[in-house]
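Work through the following exercises with the sequence and the model at hand, and try each task before reading its solution.

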Amino acid sequence: MTVREIVKRFTFIEIFQGMSLTLRRLFSHAVTIQYPKERRHIAPGFRGQHALAKNQAGQAKCVGCGLCATICPSQCIHISRAKGQVDKYEIDILRCIYCGFCVEACPYGAIVLTENYEYSDYKKENIYMKKDRLLSNWDKYMPGKKGEEYFKKFWRPMSDDFGTPTGQAVWRGKKQ
Ligand code: SF4
Ligand code: SF4
């Protein structure tokens, strides 16, 4: 044991340091907030409840290709198609880890993670997201231009990002 450790042990210096920290905190501003009266500011791009995106005609963009379900590490997306359209689109939210892979994988920009985080419930079936609810989430949480801008702001790479870098050799085909 070093002299420094012996001094620490017999003078209780660490206990006094801890007590002084507690005393200082006692009179400083509280960091907790009184939810639900007060709410934190949610940063744009927060990964909350899912929504299925709609096009300008108000129809679901999803074509039911299943890429999102394939990439989902929790295997919580269930899709089926009938008559060339998405028949069933369901997300078992309780298994979701909000990784955002489904959004990244979708080639049509058809699924988003909205900023809504207030959807806890006492019944599991109320949290199980079905197609109609996911579509209505789009109207509720991604109104107007918000939905359009969502992908531009938060998700990369986009198709525009795949340009040819300056100076890179480009294949131009055989000259006839
Ligand atoms: S956010 Fe991740 S875990 Fe949740 S549904 Fe999408 S891919 Fe699956
Ligand atoms: S949300 Fe996108 S990736 Fe998933 S099934 Fe629909 S179109 Fe395909």
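**Exercise 1.** In this predicted model, find which residues of the largest nonpolar core touch the most other members, and state which elements supply the core.

*Solution.* Begin with the membership, which comes to 31 residues, and within it I77, Y89, I91 and Y150 touch the most other members. Next, assign the core to secondary structure: the elements that each give two or more residues are β1 (50-52), α3, β3 (85-92), α4 (101-105), β4 (111-113), α6 (131-141) and α7 (145-154). Finally, take I77 and set aside its neighbours within four places in sequence; the residues then in contact with I77 are C68, A69, C72, Y89, E90, I91 and C102.

**Exercise 2.** Decide whether S74 is buried or exposed, and list what it touches.

*Solution.* First locate S74, which lies in the loop between α3 (67-71) and β2 (77-82). Its relative accessibility is 12%, and because buried means under 20%, S74 counts as buried. Leaving out residues up to four places away in sequence, S74 touches R95, C96 and I97.

**Exercise 3.** Identify the residues that form a nonpolar patch on the surface together with M19, and place M19 in its element.

*Solution.* The patch consists of F12, I15, F16 and M19, which together have about 470 Å² of accessible area. M19 itself is found in helix α2, which covers residues 13-26. For the setting, the accessible surface of the protein chain comes to about 13,500 Å², of which 56% belongs to carbon and sulfur atoms, while 26% of its 176 residues count as buried.

Note on methods. Residues are numbered from 1 along each chain as its sequence is written. Chains are lettered from A and ligands numbered from 1 in the order in which they are written. This is a predicted model: local features need pLDDT of at least 70, side-chain atom pairs count only at pLDDT 80 or more; totals for chains, interfaces and linings use all residues. Side-chain values use heavy atoms; hydrogens and water are left out. Patches are made of residues with over 30% relative accessible area and no salt bridge: like charges are joined within 9 Å, nonpolar side chains (Val, Leu, Ile, Met, Phe, Trp, Tyr) within 5 Å. Accessible areas come from the Shrake-Rupley method with a 1.4 Å probe; for residues, only the protein chains shown count as cover. A salt bridge is a side-chain nitrogen of Lys or Arg within 4 Å of a carboxyl oxygen of Asp or Glu. Helices (H or I, at least four residues) and strands (E, at least two) are DSSP runs, numbered from the N terminus. Buried means under 20% relative accessible area, exposed over 50%, partly exposed in between (1.4 Å probe, protein chains only). Contact means heavy atoms within 4.5 Å. A nonpolar core is a set of buried Ala, Val, Leu, Ile, Met, Phe, Trp, Tyr and Cys residues joined through side-chain atoms within 4.5 Å.
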